[in-house]
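Colleague: I have just opened this one for the first time. Could you walk me through how to read it?

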Amino acid sequence: SAIYLKDYKVPPFLIDKTELTFELDEATTVVTSKLHMRRNPDSTENTAPLVLDGGEDVKLVAVAMDDYVLPSGEYQLVDNQLIITATADNFVLTCETLIEPQNNTRLEGLYRSSSMFCTQCEAEGFRHITYYLDRPDVMSVFTTRIIADATKYPVMLSNGNEISRELQEDGKTSVVWHDPFPKPAYLFALVSGNLEVKNDTFVTQSQREVKLQIFTEAHNIDKVDYAMEALKRSMRWDEDVYGREYDLDIFMIVAVDDFNMGAMENKGLNIFNSSCLLASPETTTDDTYLRVEAIVAHEYFHNWSGNRVTCRDWFQLSLKEGFTVFRDQSFSADMHSDTVKRVEDVSFLKTAQFAEDAGPMAHPVRPASFIEISNFYTLTVYEKGAEIVRMIHTLLGAENFRKGSDLYFERHDGQAVTCDDFVAAMQDASGVDLTQFKRWYSQAGTPQIRVTDEYDAQSQTYQLTLQQETPATPGQPTKLPLHIPVRLGLIDESGNALSVSSSGHVSDEHLLELTEAEQVFEFTQVATKPVPSLLRGFSAPVKLSYDYSSADLLLLLSSDQDGFNRWNAGQQLAVNELNTLIEQAVAGETLSLTSNLVEGFKSLLQDASLDPAMVALILNLPSQAYLSELAQVIHPNAIKQARQYLKKQIAESLQADFAQAYQQHQVTGQYQAEAKDIASRSLKNLALSYWLESGDDAAKQVVVAQFESADNMTDQFAALSIAVHHGHDKADDLLDAFYQQWQNEPLVVNKWLMLSASREQEDAIAKVTALMEHEAFDLKNPNKVRSLLGGFGQNIAAFHQVDGSGYQFLADQILVLDKRNPQIASRLCTPLTRWKKMAPELSVKMKAELERIMANELSKDVYEVISKSLA
Ligand code: ARG
Ligand code: ZN
């Protein structure tokens, strides 16, 4: 049963204060809550019963109203809700409930991860702890008492400040935390265990000293230094760029091994999946370093964009997530290279979010309905949501955008608000009309823009015609035109920027605002027929098409003033070549190259003025997943064949260049996760993969040597992956050696699981099945499931077996996992939801597995994804 945005009503009751007591215990944990409640004066339902949310795993022991213990006839338990009909206008409700964290396999609410107790309450996890008004527009001041055996659980944490710690007569320790900032229950957190801590301090812009603490299990405490530095950089950046200062006296982060998502922004007590927090040069790759920094920043930034100003209801999730992703992207761009960061983010968006937008789960950034909110922590809400905020930034300019964010935080501090409120603040502060722009929040699907042009040499005018269209998505057959910012420049045939006039404004870059289905833009003083560099910096999340010749693309690749568009031109060239090869493969023809891509790549490799990271990004061929997104009908094996063929052709033609690039971009000195070194390593390792692909025996030895002598995980794992994916005859030995070396480092073992599962072999399904029995695997741990089954999903030959055995294997795992952890099971369904686009012989097999899943009793999570996929 779905719930709808249009049905929103303010809560009939409010909870001014929430007092919680947890008696932590290995068998049964007792939770006592005292809720200081009153009827909401803004609600019209002034006789409505009190309805509190609970869960099937919460056992009610006693409920009292202002000291009157309610007899069983005076309350009802229906569908996990506690309903009390007769209430006063002001009262204290006391509830005693029992829970069993050790049996909580959903990892929502209070659960055990290795030796500790921890929580995950977003979105609706708090109801698995006790009965509550578990909705984000009910904000309350929390006081939390934790009672536990301090010999086993010496660390006892919750939100806010610790206000007392005492030894009780029974030998247990009682610790009280108080959080002065009202918050919804989804931001509640509790952690208790035998943990080590790293301490630091941060002095805010107004000279307040904040205590910083990162907690981990003892064996990991040597891997938190990088996260601590990243935290301090984030705190400074938010002051400098947004004027946002931290507000409590203490900020804590805890790493846990079992976690459904990446991390969680609980007030003053962030909880992280250890894979997103721990880092050391020997065990962590460059990518993961950057990810740790970005996620630390993301969760920290939520303190303002999410916690001080939160969401009215879960339909508004992008209010905090889209904005916070935009903030963390800008932060990472400032810390490293903005062009590289933009390319990575856009590449991810175009691959994964565009695919979501084109599939059965397509939804607007602000969904209109859902069955299970956990299913809506999506690329659309997060990444497309961030693009919407970025477009507002582009349309307003940096200065007005800052005025808008200041107004937003000032106007709504302490409130639970909507995406409309965010846009209103931006509009009010800038005077820019965003009425039409707001359609971006409610319309699903990726808009397509078709561009045509005309140049008149005589009058030196150039006309661009832009047509926009958004394809139908489930439940949204017709779409309205959007307000789309298109940043562009024009360049001449030697690659120079042309300074031209548009609406009386002369510049070498212009911002067009496309608002109609079709619009013509005119440029004057255009000295020569230009090549347009369109959608610079990817100024809008759209699919843009213009009929570029290969020569145009090579020109843009070598000389566009916009670094992002140089990458984009390189991608387009490669996509064009690959699409031709894919067609040849599907038709059963012999593959052969048709373009001058190789020459283009050669000049990139030889251009010493370029950032090696950009060269690596351009030389990295479009992924299988991206080519699948672009395809009308997906032929996985043809895509694989085409990519392999192209890679080999490039490798053979440029063998000497790759060997040279490999030597040239060696990094010396101590490992540092900094842009310059990361750039060199990325190009060096990409060059090595081509070099090995070229068939040169020297490269084989270099791969092994790098694997054995690397002093950092980036280089070691790169060598291993290259060996595995390019058919190195020592691949088996290296995989074994790697496991032997790292078997006691779970995060490294997870990388090994993923790589092993993605290895293309005849008997890959049998291999993956065997890995599920391996000591390194554990179905209870989401990271391990993601590694193994995620790796399997990338194993094209195995997953897309024509007999459907790959789909069957995944469906079997989904059904098993759904009984334990619905959120994780639901995420695993994604590859199967793409069945309509698959080649017919695969499509029927996928659909059959969806139907087989559907015939079972399912969680809401999996039910929603599967039923919508089959609809
Ligand atoms: N708010 C968290 C973040 O993006 C994610 C929490 C996701 N939780 C969930 N149950 N889906 O930082
Ligand atoms: Zn977030």
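**Reading the model together**

Modeller: Gladly! Let us start at the ligand: β20 (263-264) and α2 (286-301) each supply at least two residues of the shell around ligand 1. Please keep in mind that this is a predicted model.

Colleague: Which residues are around ligand 1?

Modeller: To read a ligand site, list its neighbours and then sort them by character. Here the list is Glu122, Ala123, Asn260, Met261, Ala263, Met264, Glu265, His298, Glu299, Glu321, Ser374 and Tyr377. Sorted, the shell has 5 nonpolar, 3 polar and 4 charged residues.

Colleague: Is the peptide bond from glutamate 122 to alanine 123 cis or trans?

Modeller: The general idea is that most peptide bonds are trans. In this case the bond from glutamate 122 to alanine 123 is cis, with omega near 0°. Both residues are also in the list around ligand 1. Alanine 123 sits in the loop that runs between β11 (116-120) and β12 (140-148).

Colleague: What about phi: is it positive or negative in asparagine 80?

Modeller: Most residues other than glycine have a negative phi. Asparagine 80 has a positive one, near 65°. You will find asparagine 80 in the loop between β7 (76-78) and β8 (81-84). Serine 114 also has a positive phi, about 40°, although it is not a glycine. Its loop connects β10 (109-113) and β11.

Colleague: Why do asparagine 80 and serine 114 count as partly exposed?

Modeller: Count the other C-beta atoms within 10 Å: 20 or more makes a residue buried, 12 or fewer makes it exposed, and anything in between is partly exposed. Asparagine 80 has 15, so it is partly exposed. Serine 114 has 13, so it is partly exposed as well.

Colleague: Is valine 61 buried or exposed?

Modeller: Valine 61 counts as exposed because it has 11 C-beta neighbours inside 10 Å. It belongs to strand β5 (residues 59-65). Setting aside neighbours within four places in sequence, valine 61 is in contact with Glu96, Thr97 and Leu98. For a sense of distance, valine 61 and aspartate 562 are 65 Å apart, C-alpha to C-alpha, with their positions 501 residues apart in sequence.

Colleague: And is aspartate 560 buried or exposed?

Modeller: Aspartate 560 is buried, because 21 other C-beta atoms lie within 10 Å. Its place is in the loop between α9 and α10. Beyond the neighbours within four places in sequence, the contacts of aspartate 560 are Ile491, Ser533, Asn565, Arg566 and Ala569. Arginine 536 is 24 residues from aspartate 560 in sequence and 9.8 Å from it in space, C-alpha to C-alpha.

Colleague: Which residues are buried in helix α9?

Modeller: For a helix, ask which residues are buried and then what covers them. In α9 (residues 550-559), Leu553, Leu554, Leu555, Leu556 and Leu557 are buried. Their cover includes β33 (531-533), α10 (563-586) and α11 (597-606).

Colleague: Which residues touch the most other members of the largest nonpolar core?

Modeller: A core can be read through its best-connected members. This one has 248 residues, and Val191, Ala227, Val254 and Ile271 touch the most other members. Take valine 254: leaving out neighbours within four places in sequence, it is in contact with Cys118, Leu157, Val191, Phe215, Ile271 and Phe272.

Colleague: How do I read the annotated domains?

Modeller: Put each record beside the computed helix and strand content. In an unreviewed entry, UniProt lists "Aminopeptidase N-like N-terminal" for residues 104-187, a span that is 0% helix and 49% strand. The entry gives "Peptidase M1 membrane alanine aminopeptidase" for residues 226-440, where the chain is 55% helix and 9% strand. For residues 551-871 it gives "Peptidase M1 alanyl aminopeptidase C-terminal", and that span is 71% helix and 0% strand.

Colleague: How many helices and strands does the protein have?

Modeller: There are 27 helices and 34 strands. For overall shape, compare the radius of gyration with that of a compact globule: for 871 residues the globule would be near 29 Å, and the protein has 28 Å, so the two agree. Finally, 50% of the 871 residues count as buried, and among contacts between residues at least 6 apart in sequence, 70% join residues at least 24 apart.

Methods: Residues are numbered from 1 along each chain as its sequence is written. Chains are lettered from A and ligands numbered from 1 in the order in which they are written. This is a predicted model: local features need pLDDT of at least 70, side-chain atom pairs count only at pLDDT 80 or more; totals for chains, interfaces and linings use all residues. UniProt positions are given in the numbering used here, feature names are shortened, and annotations may be inferred rather than shown by experiment. Helices (H or I, at least four residues) and strands (E, at least two) are DSSP runs, numbered from the N terminus. A residue is near a molecule or strand if its C-beta atom, placed from the backbone, lies within 6 Å of it. Ala, Val, Leu, Ile, Met, Phe, Trp, Tyr, Cys and Pro count as nonpolar, Asp, Glu, Lys and Arg as charged, and the others, Gly among them, as polar. A nonpolar core is a set of buried Ala, Val, Leu, Ile, Met, Phe, Trp, Tyr and Cys residues joined through C-beta atoms within 7 Å. Two residues are in contact if their C-beta atoms, placed from the backbone, lie within 7 Å. The radius of gyration is taken over C-alpha atoms; the globule rule is 2.2 Å times the number of residues to the power 0.38.
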